[in-house]
2 protein chains.
Amino acid sequence: MAAEMAEQPAVLAGLASRRLEIIERVRAVVPEPLNGIVLIARGSSDHAAIYGRYVLQPAAARPVVLAAPSLHTLYNSPLHCPGYLAVAVSQSGRTPEIVTVLERHMAAGATGIAVTNDPGSPLAELAQTTIELGAGDERAVPATKTFTSELAAFAIVAEALGEVPWGSEDWAALPSALTDVLEDLEPARRVAEGLAGAEGLISVGRGYLFSVALEAALKLKETTSLLAEGYSAADLRHGPVAVIERDFPVLAFSAPGPAAGDMNELTEWLALTRGARIYKAAPRADAQLPLPPGVPEALMPIPAVVRAQQVAHELALHKGMNPDAPEGLTKITPTI
Amino acid sequence: MAAEMAEQPAVLAGLASRRLEIIERVRAVVPEPLNGIVLIARGSSDHAAIYGRYVLQPAAARPVVLAAPSLHTLYNSPLHCPGYLAVAVSQSGRTPEIVTVLERHMAAGATGIAVTNDPGSPLAELAQTTIELGAGDERAVPATKTFTSELAAFAIVAEALGEVPWGSEDWAALPSALTDVLEDLEPARRVAEGLAGAEGLISVGRGYLFSVALEAALKLKETTSLLAEGYSAADLRHGPVAVIERDFPVLAFSAPGPAAGDMNELTEWLALTRGARIYKAAPRADAQLPLPPGVPEALMPIPAVVRAQQVAHELALHKGMNPDAPEGLTKITPTI
């Protein structure tokens with residue numbers, strides 16, 4: 001896991017270097033007129049798809065659906081979706097349900113794009129065009145470099161569809177910003193020490209960073225067996241906040257932008273009224289997990305999730321667990 | 001909470017008695033051609049919307065989007081969605097973000113339907129037509145009768161859009177099936193006793209019952225502060241299963257149908273390989289939480305969630321907590 005985490009700046013730089021070529025290929029297949037967008041994914045890739053929704057909808061100005069695979073694999077739902085763009089994400093390109101669900105959408109009129117690490121996989125063969133992650137073999141069970149490259153792939157698809165709140169200079173700066181985060185392990189170590197005795201944790205984000213809250217919770221569950229749950233700041237207020245008692249740890253992701261005010265209000269309120277122990281991941285001096293300054297909010301999920309990976313990895317080591325191969329998990333999960 | 005739970009058979013019977021009139025009104029506003037469906041909700045209503053996706057997509061044969069409110073309330077995303085049907089759900093009809101998000105979709109070309117308890121609310125005034133839940137005042141913070149009536153409302157909208165796997169006779173039988181469940185409190189009491197010392201819980205379902213797994217976890221969090229998380233059977237296998245250690249309680253919802261095989265396999269595997277303590281809610285003699293026989297899988301979420309309400313209520317009492325007004329929660333959550 002640590003070795004694959006360390007490859008992330010190079011993988012991202014590689015993907016960014018193919019950006020214009022990918023944008024051109026995506027533009028060539030986008031339906032005209034575009035009726036809607038469907039994202040097809042599971043597990044970590046589903047969290048990447050949640051990020052995808054936040055970058056794709058503003059760029060394309062179209063509703064973005066996260067597909068419910070069982071509607072197709074179990075219930076054989078009829079479907080009619082001409083003019084839709086369907087983006088299916090699978091690291092291996094071999095998860096049977098992802099292939100099946102993309103197939104159904106394409107048979108129902110959608111144009112298919114595959115996002116995968118393996119351009120020779122069934123998913124890539126099926127799609128009209130493929131975005132190769134180029135992340136190389138991922139051996140550790142917890143996805144790290146494939147996850148950040150999936151985020152980048154969605155950001156690039158968004159560029160193909162319309163206006164986005166970042167530019168070429170941000171892509172150019174991102175790899176070294178990631179390297180800085182990766183080389184600065186001490187903050188994650190301290191947070192991991194603080195979490196050593198925790199029985200549960202809530203991670204929270206809003207907007208673009210909601211996906212990171214979900215992925216952080218999954219990384220912690222996978223590698224440390226900690227009962228961690230990810231929420232959007234808004235959903236957390238609708239009831240789940242009841243589980244937060246004195247000293248309950250909350251991992252809060254935020255970045256300057258429209259969601260920052262809501263996040264600050266939430267964390268202050270949680271600390272004040274419920275005595276929550278807040279760990280902030282933000283580009284701020286007082287954050288327990290500092291994020292790189294100057295990264296646009298919409299791309300901040302990439303360095304932010306690296307912070308979450310570090311915390312999960314350090315906490316696993318602290319607990320004497322093997323972060324590469326958590327007990328009972330396998331790399332490809334053959335769900336139906 | 002208990003008093004409102006007890007009203008559910010009557011509320012459902014009332015809604016079912018207005019079924020044909022509602023179907024007619026919905027049919028009169030459905031766009032032709034229909035490009036897609038957007039559901040707008042938060043909290044418990046968002047779980048009802050997840051159920052909605054499973055009944056609406058097969059009936060309408062169109063992709064169903066669960067809207068991300070912050071895209072509109074915080075990021076002011078542009079949107080173009082002519083030919084979409086937008087269904088917004090809010091018990092009070094006054095949650096500002098739900099009203100705003102429906103407004104944006106209607107301004108972008110969608111037809112709006114409001115599902116609410118208050119036909120005089122801003123949400124109802126905005127929509128082209130309103131489905132009144134008729135659930136009466138809900139005073140307890142945890143939604144119960146409004147949740148089951150929202151499920152029924154989505155089922156009725158599905159009938160307006162196309163073929164559904166249930167009929168009039170199923171609506172006729174449902175209220176008394178619910179009464180039977182409500183009068184049979186002993187199973188929930190025993191499960192609550194079993195959960196008294198638990199530090200966490202995972203609830204799981206697949207397909208139609210995935211929504212119940214989510215709502216069960218929310219009810220438990222709200223009323224008992226138990227760190228409960230809901231999963232689909234497929235997502236649980238993708239990593240989160242790592243938190244399940246010996247004796248960890250798993251609440252599994254299933255019903256005869258295409259998802260039953262997957263659920264049985266999952267629970268057997270969890271018990272065998274991880275030593276999970278499985279509590280089954282199913283229409284089976286060996287289920288700890290028996291569900292009524294003869295209810296079609298697609299309507300089973302209604303009695304199944306009543307079982308979850310019972311467990312949450314009994315566990316709250318067992319822990320000496322007040323299920324009607326959990327500490328720190330309010331009935332209307334004014335998220336932005």
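User: Happy to start with a single residue: what is the relative accessibility of Ala61(B)?

Analyst: Ala61(B) sits in the loop between helix H4 (43-60) and strand S2 (64-66) of chain B, where helices (H or I, at least four residues) and strands (E, at least two) are DSSP runs numbered from the N terminus. Its phi is near 55°, a positive value in a residue other than glycine. Ala61(B) counts as buried (under 20% relative accessible area; exposed is over 50%, partly exposed in between, with a 1.4 Å probe and protein chains only), because its relative accessibility is 14%.

User: Good to know. At what pLDDT do side-chain atom pairs count?

Analyst: Some ground rules first: residues are numbered from 1 along each chain as its sequence is written, chains are lettered from A and ligands numbered from 1 in the order in which they are written, and side-chain values use heavy atoms, with hydrogens and water left out. This is a predicted model, in which totals for chains, interfaces and linings use all residues, local features need pLDDT of at least 70, and side-chain atom pairs count only at pLDDT 80 or more.

User: Turning to the two copies, what turn lays chain A on chain B?

Analyst: Copies are superposed by least squares on the C-alpha atoms of residues with pLDDT of at least 70 in both. The RMSD is 0.0 Å and the shift along the axis is 0.0 Å, with a turn of 180°. The copies are thus related as by a two-fold rotation axis, which fits a turn of 180°.

User: Which residue of chain A comes closest to the rotation axis?

Analyst: Two copies of a chain are related by a rotation about an axis and a shift along it. Here the C-alpha at 2.2 Å from the axis belongs to Val65(A).

User: How many residues of chain A are in contact with chain B?

Analyst: Contact means heavy atoms within 4.5 Å. Of the interface residues of chain A, 100% are also interface residues in chain B, so the copies meet through the same surface. On chain B the contacting residues number 69, and on chain A the count is 69.

User: And which three residues supply 13% of the area that chain A buries against chain B?

Analyst: Buried area is the accessible area (1.4 Å probe) that two parts lose on being put together, summed over both. Between chain A and chain B it is about 5,700 Å², with carbon and sulfur atoms giving 59%. More than any other three residues, the contributors are Tyr75(A), Leu227(A) and His238(A).

User: How many residues on the side of chain A that touches chain B are charged?

Analyst: There are 19 residue pairs in polar contact between the chains, meaning N or O atoms within 3.5 Å; within protein, one must be able to donate a hydrogen and the other to accept it, and residues adjacent in sequence count only if both atoms are side-chain atoms. In the split used here, Ala, Val, Leu, Ile, Met, Phe, Trp, Tyr, Cys and Pro are nonpolar, Asp, Glu, Lys and Arg are charged, and the others, Gly among them, are polar. The touching side of chain A holds 35 nonpolar residues, 18 polar ones and, as for charged, 16.

User: Which residue of chain A meets Lys221(B) in a salt bridge?

Analyst: A salt bridge is a side-chain nitrogen of Lys or Arg within 4 Å of a carboxyl oxygen of Asp or Glu, and six of them are counted between chain A and chain B. Lys221(B) is buried, at 3% relative accessible area. Its partner, 3.1 Å away from N to O, is Glu229(A). The pair crosses from helix H11 (residues 210-224) of chain B to strand S7 (residues 227-232) of chain A, where we find Glu229(A).

User: How many residues apart are Glu159(B) and Arg19(B)?

Analyst: Both Glu159(B) and Arg19(B) are buried. Their side chains meet in a salt bridge of 2.8 Å, N to O. The pair links helix H8 (residues 145-161) with helix H3 (residues 19-29) of chain B, and the separation in residues is 140.

User: One last item: what is omega for the cis peptide bond of Glu32(A) and Pro33(A)?

Analyst: Pro33(A) lies in the loop between helix H3 (19-29) and strand S1 (36-40) of chain A. In chain B, the cis peptide bond of Glu32(B) and Pro33(B) has an omega of about -5°. For Glu32(A) and Pro33(A), omega is about 0°.
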